[in-house]
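Grab a pencil and work through these exercises with the model open beside you. Each one sets a task and then walks through a solution.

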Amino acid sequence: MKRAVFDRVGPPAEVLRVEDDVPAPQPGRGEVLVRMLASPINPSDLMYVAGRYGLAPRLPATPGFEGVGVVEASGGGLLGWLRKGKRVAVLNDRHGNWAEYTVAKARQVVPVPDDLPDDQAATFFVNPATAYIMTRDVLAVPSGQWLLQSAAGGELGKMVIRLGRKFGFRTANVVRRREQVDELKQLGADAVLVEGDGPLPEQVGKAVPAGVRYALDPVGGRTGTEVIAALAPGGRCLLYGSLTDEPVSFHPRHAIGNGVRVEGYWLATWARRQRPLAMLRLFRRVLGLMREGVLRSDFSATYPLEEVRKAVEHAAAAGKGGKVLLRIGVR
Ligand SMILES: NC(=O)c1ccc[n+]([C@@H]2O[C@H](COP(=O)([O-])OP(=O)(O)OC[C@H]3O[C@@H](n4cnc5c(N)ncnc54)[C@H](OP(=O)(O)O)[C@@H]3O)[C@@H](O)[C@H]2O)c1
């Protein structure tokens with residue numbers, strides 16, 4: 001089979017290569033063998049290859065944390081047997097999905113209905129679940145309240161805007177490219193702020209005079225620092241990415257006197273704490289919101305696995321305007 005692989009961490013477009021004659025992996029008990037159809041290139045995949053992610057690769061390694069495929073075989077166990085022949089969303093933090101065949105835990109593959117296209121099924125979990133959990137579970141933004149978010153024009157940011165429309169919270173959205181302002185307003189953004197238009201605390205003060213108590217930041221650096229500084233007393237910010245790879249800072253007074261809280265969020269940690277039934281409920285909820293278009297992903301390009309270097313270069317480009325998808329097989 002073919003797979004993308006890297007032998008050392010580094011810039012993805014330099015260190016990734018395609019092997020085209022390796023044996024397919026064998027599933028153990030509680031695992032399934034999946035024939036992969038498609039897998040997106042997420043920022044987490046790029047950071048993993050670059051050695052800048054919370055999970056260190058065991059080299060040589062294949063990237064690809066999510067995707068869609070068909071279960072070809074079970075390594076034993078009831079769940080694996082039940083999944084055989086099903087098209088499934090594959091969550092994989094061990095073997096990597098950028099391969100014609102991969103092995104995943106049976107409980108980390110989720111059957112998807114026939115009417116869900118491969119591209120949406122391939123992006124079933126990482127962004128949709130994160131957008132939903134952060135806004136509806138962790139922050140639980142009440143209806144009518146404002147949420148401030150940076151990187152708002154990315155795929156996850158757009159999901160948060162649509163969730164705001166659906167559940168009645170208002171969004172103040174920070175982008176770095178002015179051309180995204182109209183697009184996000186059409187999507188339902190209540191306010192759109194441009195990074196270069198002045199300090200965010202001032203911009204937020206004008207857009208939301210009553211103050212903002214909820215915030216999300218995946219950028220870090222100056223943007224993340226300003227998002228935290230823009231919070232009203234009692235505000236809470238979730239840091240959930242590090243797109244600039246730079247630290248954020250805030251004055252201790254902000255936390256002491258103003259009671260502002262800054263916390264990290266990682267889907268992997270959240271999921272580990274959930275019972276199987278809670279995960280099932282989440283999958284159903286995500287699927288319903290995907291069908292409604294609330295948790296839908298947009299795509300800018302599709303590449304075959306052989307062109308993985310071109311694909312990762314495209315995925316890392318500023319202003320790419322949608323997910324980049326690897327097409328690995330056909331149904
Ligand atoms: N913690 C978790 O569990 C978890 C789960 C899912 C996702 N995430 C994180 O969520 C973030 C967004 O993911 P995504 O799939 O939505 O990515 P995406 O579709 O690639 O969008 C990224 C967005 O960030 C903007 N951006 C990139 N670098 C930036 C920088 N240096 N300064 C300001 N803006 C920048 C991009 O702006 P342009 O459009 O101008 O290029 C784009 O709007 C990533 O950091 C990802 O790792 C975290």
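**Exercise 1. Place alanine 104 and describe its surroundings.**

Start with the address: alanine 104 sits in strand S6, residues 101-105. Strands here are DSSP runs of E with at least two residues, helices are runs of H or I with at least four, and both are numbered from the N terminus. Before going on, two ground rules. Numbering runs from 1 along each chain as its sequence is written. The model is predicted, so local features need pLDDT of at least 70 and side-chain atom pairs count only at pLDDT 80 or more, while totals for chains, interfaces and linings use all residues.

Next, burial. A residue is buried if 20 or more other C-beta atoms lie within 10 Å of its own, exposed if 12 or fewer, and partly exposed in between, with C-beta atoms placed from the backbone. Alanine 104 has 27 other C-beta atoms within 10 Å, so it is buried.

Now the partners. Two residues are in contact if their C-beta atoms, placed from the backbone, lie within 7 Å. Leaving out residues up to four places away in sequence, alanine 104 touches Glu31, Val32, Val34, Val90, Leu91, Asn92, His95 and Val109. Finally, pick a far point along the chain: alanine 316 is 212 residues away in sequence, and the two C-alpha atoms are separated by 26 Å.

**Exercise 2. Do the same for lysine 2.**

Lysine 2 belongs to the segment before strand S1 (3-6). Count its neighbours and you get 19 other C-beta atoms within 10 Å, which means lysine 2 is partly exposed. With residues up to four places away in sequence set aside, its contacts are Val18, Glu19, Asp20, Ala99, Glu100 and Leu305. For a long reach, try valine 194: it is 192 residues along the chain from lysine 2, with 43 Å between the C-alpha atoms.

**Exercise 3. Size up the whole chain: how many helices and strands does it have?**

The tally is 13 helices and 15 strands. The C-alpha trace spans about 60 × 40 × 35 Å along its principal axes. For the radius of gyration, taken over C-alpha atoms, the globule rule is 2.2 Å times the number of residues to the power 0.38. With 331 residues, that puts a compact globule near 20 Å, and the chain has 20 Å, so the two agree. As for burial, 46% of the 331 residues count as buried. Then look at contacts between residues at least 6 apart in sequence: 66% of them join residues at least 24 apart.

**Exercise 4. Split the chain into domains and find where the ligand lies.**

Take the bounds first, which come from an automatic or database domain assignment. Domain 1 covers 3-123 + 297-327, and domain 2 covers 129-268. Their C-alpha centres lie 29 Å apart. Across the boundary, eight residues of domain 1 are in contact with seven residues of domain 2. The domain 1 side of that contact has one nonpolar, three polar and four charged residues. (Ala, Val, Leu, Ile, Met, Phe, Trp, Tyr, Cys and Pro count as nonpolar, Asp, Glu, Lys and Arg as charged, and the others, Gly among them, as polar.)

Now the ligand. A residue is near it if its C-beta atom, placed from the backbone, lies within 6 Å. There are 26 residues around the ligand, and Ala151, Gly154, Leu156, Gly241 and Leu267 come nearest. By class, the shell divides into 12 nonpolar, 11 polar and three charged. Helices H2 (43-50), H5 (126-138) and H6 (155-167) each supply at least two shell residues. Both domains give residues to the shell, so the ligand lies between them.

**Exercise 5. Check the backbone at alanine 151, aspartate 245 and proline 60.**

Alanine 151 is in the loop between strand S8 (146-149) and H6. Its phi is positive, about 50°, although it is not a glycine. With 24 C-beta neighbours inside 10 Å, alanine 151 counts as buried.

Aspartate 245, in the loop between strand S12 (231-239) and helix H10 (252-256), also isn't a glycine and has a positive phi of about 60°. Aspartate 245 has 10 other C-beta atoms within 10 Å and is exposed.

Proline 60 lies in the loop between H2 and strand S4 (68-74). The peptide bond from leucine 59 to proline 60 is cis, with omega near -5°.
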